[in-house]
Amino acid sequence: MMDEARFHCPACGRIYPADRPLWRCDCGGHLNLEPGPGMRRSDIVSGDASLWRYRAALALRQPPLLSLGEGWTPLVMRHWDGVPVHFKLESQMPTGSFKDRGTAVMLNHLLEVGVGPIHEDSSGNAGSSIATYAAAAGLRCRIYVPATAPRGKIVQIAASGAEVRAIPGTRQAVTEAALAAIGDSFYASHNWHPFFIEGTKTLAYELWEQLGFMVPDNILVPTGYGSNILGLDRGFDELVRQGEIARRPRLFAVQAENCAAFAAAWTAGAADYVAFTPASTIADGIATVRPVRSAEVLSALRRSGGGVAAVPEAEIGPALQALGRLGLFVEPTAATAGAALTRLLRDGTIRPDQTTIVVLTGHGLKATDKIGELLGVN
């Protein structure tokens with residue numbers, strides 16, 4: 001494992017050693033981990049069928065204290081609109097969503113530095129992930145969720161023994177309720193804590209290895225706060241600096257048109273957040289009004305040569321059904337990536353001869369109520 005990691009505040013420049021539970025700077029800004037050295041393919045622990053095969057690249061002080069076997073998810077080939085495409089099944093994680101990558105690494109860091117009771121706010125998937133890992137670690141946990149969150153996700157959180165606080169109103173109201181509880185327990189926020197992104201970077205290493213140590217041309221990711229985009233950017237950056245790869249893939253952040261903060265900024269040509277008017281969307285997992293690291297996500301997309309693809313509500317349901325007919329049962333949030341790929345193939349942004357990855361972020365069992373409505377199943 002690495003030497004002691006350090007946090008950096010991009011707002012004020014302050015540096016903190018990562019030796020205690022800390023989720024933001026004293027100035028109120030978010031924190032980032034300083035760039036890590038990465039690893040070479042010879043450092044991979046090939047006998048470990050989890051993300052911990054890349055433990056040499058992770059900014060932890062010791063081997064994991066806690067694991068549920070997260071990572072090393074299937075990469076399968078299917079034809080989409082007649083084009084061969086790789087689908088990365090992050091839906092096969094222990095709690096059914098990609099969030100387990102970030103949660104596993106974040107919780108192991110917090111255990112290393114002596115965290116006590118924790119709480120989090122979430123639209124559902126991160127909450128169920130953190131509640132599950134907290135239960136496995138023996139930590140008391142409280143999760144704040146929207147009162148309108150999918151019932152399957154709320155039940156999953158409750159099954160872990162975590163306290164569920166359902167908050168009426170907007171997603172921002174849920175965040176404010178969690179912020180108000182900071183004096184009671186540690187705010188283990190997947191949207192704020194830099195070790196969550198340290199976990200999501202293992203997706204880059206995994207795709208690289210599963211493609212035979214090659215880099216894909218395009219990666220499409222359903223995007224709310226952008227932790228997968230930032231993780232992919234961080235992971236591929238490490239591989240470039242280690243000399244393992246010579247180029248980066250294009251990253252495409254996929255959003256629902258009804259609530260698309262990154263699309264609003266991208267269309268305006270802005271480097272940071274641009275105010276927009278959100279509306280409700282069936283893709284609740286990416287319905288983010290104010291991402292914490294907007295400027296960094298936009299910068300990562302531009303650096304990769306990719307972009308933002310926003311899809312209308314009317315295209316999400318058909319994409320979900322088309323994925324289901326390929327044997328890929330996902331929640332509506334994940335289906336946005338299929339809808340976006342259709343658009344990007346149609347307008348020539350992505351070519352049929354390129355290697356394209358579609359990241360399917362959450363399992364369909366997370367949202368059977370909403371999927372039932374879409375399919376007309378009583």
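**Exercise 1. A salt bridge and its surroundings**

Are E206 and R101 buried or exposed? Describe the salt bridge between E206 and R101 as well.

*Solution.* Keep in mind throughout that we are working with a predicted model.
- Step 1: E206 is buried, and R101 is buried too.
- Step 2: The side chains of these two residues, E206 and R101, meet in a salt bridge with an N to O distance of 2.7 Å.
- Step 3: Because E206 belongs to helix 6 and R101 to helix 1 (residues 99-112), the pair ties together parts that are 105 residues apart in sequence.

**Exercise 2. More salt bridges across the chain**

Find out how many salt bridges a search of the whole structure gives, then work through the pairs E244 with R41 and R171 with D121.

*Solution.*
- Step 1: The search of the whole structure returns 29 salt bridges.
- Step 2: In the pair of E244 and R41, the closest N and O atoms are 2.9 Å apart.
- Step 3: E244 sits in the loop between helix 7 and strand 11 (250-256), while R41 sits in the loop between strand 3 and strand 4, so this pair ties together parts that are 203 residues apart in sequence.
- Step 4: Now classify each partner. E244 has a relative accessible area of 11%, and since buried means under 20%, E244 is buried. R41, at 39% relative accessibility, counts as partly exposed.
- Step 5: Turn to R171 and D121, whose side chains form a salt bridge of 2.9 Å, N to O. This pair links distant parts of the chain, with R171 in helix 4 and D121 in strand 6 (residues 118-121), 50 residues apart.
- Step 6: R171 counts as buried at 17% relative accessibility, and D121 is buried with a relative accessible area of 0%.
- Step 7: To finish, look for shared partners: D233, D237, R241, R248 and R303 are joined into one network by salt bridges.

**Exercise 3. The largest pocket**

Describe the largest pocket by its volume, its lining residues and the classes of those residues.

*Solution.*
- Step 1: The volume of the largest pocket is about 720 Å³.
- Step 2: Its lining has 43 residues, and those nearest the centre are S123, R171, D284, A287 and T288. R171 is the residue that pairs with D121 in a salt bridge.
- Step 3: Two or more lining residues come from each of helix 2 (125-137), helix 4 (171-180), strand 10 (218-222) and helix 7 (227-241). Helix 7 supplies the largest share, three residues.
- Step 4: Sorted by class, the lining holds 15 nonpolar, 22 polar and six charged residues.

**Exercise 4. The second largest pocket**

Which element gives the most to the lining of the second largest pocket? Give the volume too.

*Solution.*
- Step 1: The second largest pocket has about 420 Å³ of volume.
- Step 2: It is lined by 20 residues, with N32, L33, D233, R234 and E296 closest to its centre. D233 is also one of the members of the salt bridge network.
- Step 3: Strand 3 (32-33), helix 5 (194-200), helix 7 and helix 9 (294-304) each give two or more residues to this lining. Helix 7 gives the most, with six residues.
- Step 4: The lining contains seven nonpolar, three polar and ten charged residues.

**Exercise 5. A cavity**

How many cavities of 30 Å³ or more are counted, and what lines the largest cavity?

*Solution.*
- Step 1: The count is one cavity of 30 Å³ or more.
- Step 2: The largest cavity has a volume of about 60 Å³.
- Step 3: Residues lining this cavity include H190, N191, H193, Y225 and R293.
- Step 4: The lining divides into four nonpolar, five polar and one charged residue.

**Exercise 6. Backbone and surface**

Look up the phi values of D81 and F213, then inspect the nonpolar patch that includes L374.

*Solution.*
- Step 1: Most residues other than glycine have a negative phi.
- Step 2: D81, although not a glycine, has a positive phi of about 55°, and D81 lies in the loop between strand 4 (75-80) and strand 5 (83-89).
- Step 3: F213 has a positive phi near 60°. F213 is in the loop between helix 6 (202-210) and strand 10, and counts as partly exposed at 25% relative accessibility.
- Step 4: On the surface, L374, L375 and V377 make up a nonpolar patch with about 240 Å² of accessible area together. L374 lies in helix 12 (residues 368-375) and is partly exposed, with a relative accessible area of 36%.

Notes. Residues are numbered from 1 along each chain as its sequence is written. This is a predicted model: local features need pLDDT of at least 70, side-chain atom pairs count only at pLDDT 80 or more; totals for chains, interfaces and linings use all residues. Side-chain values use heavy atoms; hydrogens and water are left out. On a 1 Å grid over the protein atoms alone, a cavity is a set of points where a 1.4 Å probe fits but cannot get out, and a pocket is an open set with protein on both sides within 12 Å along at least five of seven lines; lining residues have an atom within 4 Å of a point. Grid points are joined across faces, edges and corners, and a volume is the space filled by probe spheres set on the points. Helices (H or I, at least four residues) and strands (E, at least two) are DSSP runs, numbered from the N terminus. Ala, Val, Leu, Ile, Met, Phe, Trp, Tyr, Cys and Pro count as nonpolar, Asp, Glu, Lys and Arg as charged, and the others, Gly among them, as polar. Patches are made of residues with over 30% relative accessible area and no salt bridge: like charges are joined within 9 Å, nonpolar side chains (Val, Leu, Ile, Met, Phe, Trp, Tyr) within 5 Å. Accessible areas come from the Shrake-Rupley method with a 1.4 Å probe; for residues, only the protein chains shown count as cover. A salt bridge is a side-chain nitrogen of Lys or Arg within 4 Å of a carboxyl oxygen of Asp or Glu. Buried means under 20% relative accessible area, exposed over 50%, partly exposed in between (1.4 Å probe, protein chains only).
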